[in-house]
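Student: I am new to this structure and would like a close look at its sheet. Please also say what lies around that part.

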Amino acid sequence: MDKINIQYYKSPIGELIVGDYNGHLCLCDWRYRKMRSSIDQRIQKGLNAEYHEEESEVATQCIHQLEAYFKKERTSFSLPIKFVGSDFQVSVWNALISIPFGQTQSYLGLSKLLGNEKAIRAVASANGANAISIIVPCHRIIGSKGELTGYAGGLNAKKKLLQLENAGPFANQMELF
């Protein structure tokens with residue numbers, strides 16, 4: 001069985017698990033999220049690999065890039081990514097990457113980007129299954145009226161990320177960290 005090298009990173013807004021599979025980032029997710037076990041099972045089964053706590057170049061690069069992001073020194077990420085999910089989920093995650101730093105989108109807007117505005121619930125479900133948080137910016141998805149909607153890291157973390165990015169309804173609000 002292959003292995004996924006994982007490291008833990010205590011970000012300013014919560015602890016993340018960062019995973020590297022054969023030189024590709026396959027995991028950057030909130031350690032204490034509700035769906036932790038199902039996300040971990042999907043990734044390990046999909047890659048036929050097990051988690052091993054061990055440093056790796058890609059995971060270390062990811063952590064350095066996240067640190068620069070939190071210091072407002074980086075607005076995008078350059079890491080090789082390995083998505084583990086259905087074709088539809090992967091299409092949603094790729095669409096998320098296209099949402100620029102400092103901007104937000106609604107579930108309906110994301111559905112339209114994917115060419116199927118009736119797929120809002122499926123898009124929301126795929127968004128919630130994203131295992132590469134921050135790098136694949138699911139936090140940039142908000143409700144159609146500008147309200148915060150569910151987030152794996154919690155609504156407080158989502159709000160702080162949007163404030164850091166000066167995005168959407170949080171543009172020009174005071175920073176919290």
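Tutor: What follows describes the sheet, then the helices, and then the empty spaces. The model is a predicted one.

The sheet is open and has four strands, in the order β3-β2-β1-β4, with mixed pairing. Its edge strands are β3, residues 24–30, and β4, and each of these pairs on one side only. From one strand to the next, the twist averages 30°. As background, the strands of a sheet pair through backbone hydrogen bonds, and the pairing is either parallel or antiparallel.

A useful place to begin tracing the sheet is β1, which covers residues 2–11. On one side, β1 pairs with β2, residues 14–21; the two run antiparallel and are joined by seven bridges. Within this pairing, Y9 of β1 stands opposite L16 in β2. The two strands form a hairpin, with two residues between β1 and β2. β1 also pairs with β4, residues 49–53, this time in the parallel sense and over five bridges. Here I6 stands opposite E53 in β4. The mixed pairing of the sheet can thus be followed from β1, with its antiparallel partner β2 and its parallel partner β4.

Helix α2, made of residues 57–70, lies across three of these strands, namely β1, β2 and β3. The helix runs at about 20° to β1.

Two further helices meet each other. The axes of α3, residues 87–97, and α5, residues 120–128, come within 9 Å and cross at roughly 80°. Angles of 65 to 115 degrees count as roughly perpendicular, and α3 and α5 are therefore roughly perpendicular to each other. On the α3 side, the contact involves F88, Q89, V92, W93 and L96, which meet A122, V123, A126 and N127 in α5. Sorted by class, this contact of α3 with α5 has seven nonpolar and two polar residues, and no charged ones.

The empty spaces come last. A probe the size of a water molecule, rolled over the atoms, shows where such space is left. One cavity of 30 Å³ or more is counted, and the largest cavity holds about 40 Å³ of space. Its lining consists of C26, R42, I43, K82, F83, V84, W93, N130, A131 and I132. By class, that lining divides into seven nonpolar residues, one polar residue and two charged residues. Two of the lining residues link back to parts already described: C26 falls in the edge strand β3, and W93 is also one of the α3 residues that meet α5.

The largest pocket contains about 160 Å³ of space. Around this pocket are T75, S76, F77, L79, I81, I97, I99, F101, I134, I135, P137 and R140. The pocket lining has nine nonpolar, two polar and one charged residues.

Definitions and conventions
Residues are numbered from 1 along each chain as its sequence is written. This is a predicted model: local features need pLDDT of at least 70, side-chain atom pairs count only at pLDDT 80 or more; totals for chains, interfaces and linings use all residues. Side-chain values use heavy atoms; hydrogens and water are left out. On a 1 Å grid over the protein atoms alone, a cavity is a set of points where a 1.4 Å probe fits but cannot get out, and a pocket is an open set with protein on both sides within 12 Å along at least five of seven lines; lining residues have an atom within 4 Å of a point. Grid points are joined across faces, edges and corners, and a volume is the space filled by probe spheres set on the points. Ala, Val, Leu, Ile, Met, Phe, Trp, Tyr, Cys and Pro count as nonpolar, Asp, Glu, Lys and Arg as charged, and the others, Gly among them, as polar. Two strands pair if DSSP finds at least two bridges between them. Axes are lines fitted to C-alpha atoms, for helices over the stretch in contact, and angles run from 0 to 180 degrees between N-to-C directions. Angles under 35 degrees count as roughly parallel, over 145 as roughly antiparallel, 65 to 115 as roughly perpendicular and the rest as oblique. Contact means heavy atoms within 4.5 Å.
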